[in-house]
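Colleague: Please take a close look at one part of this model and go through it step by step. I would also like to hear what lies around that part.

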Amino acid sequence: MLSTRPFEEAAERGDLRAMVGDLLARELPGERALAADRDGAFPAAAWSALGAAGLLGLGGAESAGGSGGTVGDAVAVVEEIARVLPSLAVDYVLCGMAMRMLADVPGAAARAWLPAIASGAMICAFGMSEPDVGTDLLNLRTSARVADGRWVLRGQKLWISLAHKAEIAFTVCRTDPPEGGRARGLSVIAVPLGRPGVTVRRVRLAGMRAAGTCEIYFDDATAPLENLVGERGRAMALLGRTLDVERVLAAGLSLGIGRAALDLHLAHLREREAFGGPIGRFQALQHAAADSIADLSASRALVDSAVRAVEGGRPATALTGMAKLVAAESTARIVDRGMRAMAAQGLAEESAMQMYFRDARLQLFSPVSNDMIRNILGESLGLPRSY
């Protein structure tokens, strides 16, 4: 019998999923998850529990204070979290990015950050997008200069998840002129938040309400020189591998939303009665559900291929981009079909379907727009660069 769960998966991975499910059932049951979404509240207790269980450190080497494991493990975890509260899964993606990025950089600061983030003791944010800079990251305006033995930053970041709770923000900024190309001269600096020169403002969104979307203003904000992450002026080389992980985790997030929405959809078809029996006996409604399981299964197969490429150290940008694109588009369709079947019942605040419906829309353009993914794929096909 068909299931929304993975068709073939190692027993260890299944045990990992069960562990996450049990943890969230205790720390973030359905009504509490919906309340967090409604109130835009970060579920701190659930986050701490994820850290205590070693789940925030997946992908980080055990020798560096992480939990070991693979990208595939992290994708399974983010899927299970997204089934309960997609907003929390957005924040979990940040940990996956941090584990990937910090694994590649030397220095005492990085050695301290990785275990602290992995345990949940330190919360981090990533400062990349700006008011006029989303996909055009190389055009960012936030700058950093060295003065009095420290970094001094000026600029603005927008759409930054979890910044209102974070201790540091890994901030992409221009430290040097773009000699040899726009990608040169950009650096990543871990900027302490909650200090003079830093202002964080919440931005309320219709979807992913509990993810803590924020705007950050840097007005001569300072950071120690040792908070440079990686090589000065080479941020894009460092972030290339990190962004591959971000995209495949984002694809896993979409899988989680799609799977949860389809489970709700199917339950409704079995339980709702009209014209003398369950509405799931009607062919038109069966076809919508059939399309959704096909969408979910095809997306999962592509995500699995992307995971294998990342884990195998092969060039993965095209595959992770396709996985993110297809999973997001498929999930938007899955949730739309479920909402149509449930009608007003799906829009009711006590139904998780309305949360999935809103949150799935952000996956179409976050953390990178699907149109930009299409541009990258076009170039990968040998077509002229369009941007």
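**A strand and its surroundings**

Modeller: Ala169 of strand E4 stands opposite Val191 in strand E5. This is a predicted model, and that pairing is a place to start reading it. E4 covers residues 168-174, and E5 covers residues 186-192. The two strands run antiparallel and are joined by 7 bridges. E4 also has a partner in strand E1, residues 124-127. Here the strands run parallel, and 4 bridges join them. Ala169 appears in this pairing too, with Ala125 standing opposite.

Next comes the question of cover. In a regular strand, side chains alternate between the two faces of the sheet. In E4, one side carries Ile168, Phe170, Val172 and Arg174, and the other carries Ala169, Thr171 and Cys173. Both of these faces are covered, and the residues on each are all buried. Because 7 of the 7 residues are buried, E4 is largely enclosed by the rest of the structure.

Phe170 leads from the strand to the interior. The largest nonpolar core has 116 residues, and Phe170 is listed with Leu102, Trp113, Ile117 and Val229 as having the most contacts inside it. Helix H7, residues 235-271, gives the most to this core, with 14 residues. Ile117 touches Phe170 directly. Leaving aside residues up to four places away in sequence, the other residues Ile117 touches are Leu56, Cys95, Ala98, Met99, Leu102, Met122 and Cys124. A second core, separate from this one, has 5 residues, including Leu325, Met372, Ile373 and Leu377.

Helix packing can be followed from helix H3, residues 44-52, whose buried residues are Ala46, Trp47, Ala49, Leu50 and Gly51. These buried residues pack against four helices: H1 (11-27), H4 (71-84), H5 (86-102) and H6 (108-119). After H3 comes Gly54, which has a positive phi, near 80°.

H4 brings in the charged side chains. Glu80 and Arg83 form a salt bridge, with 3.1 Å from N to O. They are 3 residues apart in H4, so about one helical turn separates them. In general, an α-helix has 3.6 residues a turn, so residues three or four places apart point the same way. Glu80 is buried, with a relative accessible area of 4%. Arg83 has a relative accessible area of 27% and is partly exposed.

Arg83 also forms a salt bridge with Asp263, where the closest N and O atoms are 3.9 Å apart. This pair links distant parts of the chain, with Arg83 in H4 and Asp263 in H7, 180 residues apart. Asp263 is partly exposed, at 28% relative accessibility.

Another salt bridge joins Arg145 to Asp220, again with the closest N and O atoms 3.9 Å apart. Arg145 lies in strand E2 (residues 143-147) and Asp220 in strand E7 (residues 213-224), 75 residues apart, so this pair links distant parts of the chain. Arg145 is partly exposed at 44% relative accessible area, and Asp220 is partly exposed at 36%. Salt bridges that share partners join Glu9, Arg17, Glu79, Glu80, Arg83, Arg259, Asp263 and Arg300 into one network. The count for the model comes to 24 salt bridges.

Technical notes
Residues are numbered from 1 along each chain as its sequence is written. This is a predicted model: local features need pLDDT of at least 70, side-chain atom pairs count only at pLDDT 80 or more; totals for chains, interfaces and linings use all residues. Side-chain values use heavy atoms; hydrogens and water are left out. Buried means under 20% relative accessible area, exposed over 50%, partly exposed in between (1.4 Å probe, protein chains only). Contact means heavy atoms within 4.5 Å. Two strands pair if DSSP finds at least two bridges between them. A nonpolar core is a set of buried Ala, Val, Leu, Ile, Met, Phe, Trp, Tyr and Cys residues joined through side-chain atoms within 4.5 Å. A salt bridge is a side-chain nitrogen of Lys or Arg within 4 Å of a carboxyl oxygen of Asp or Glu.
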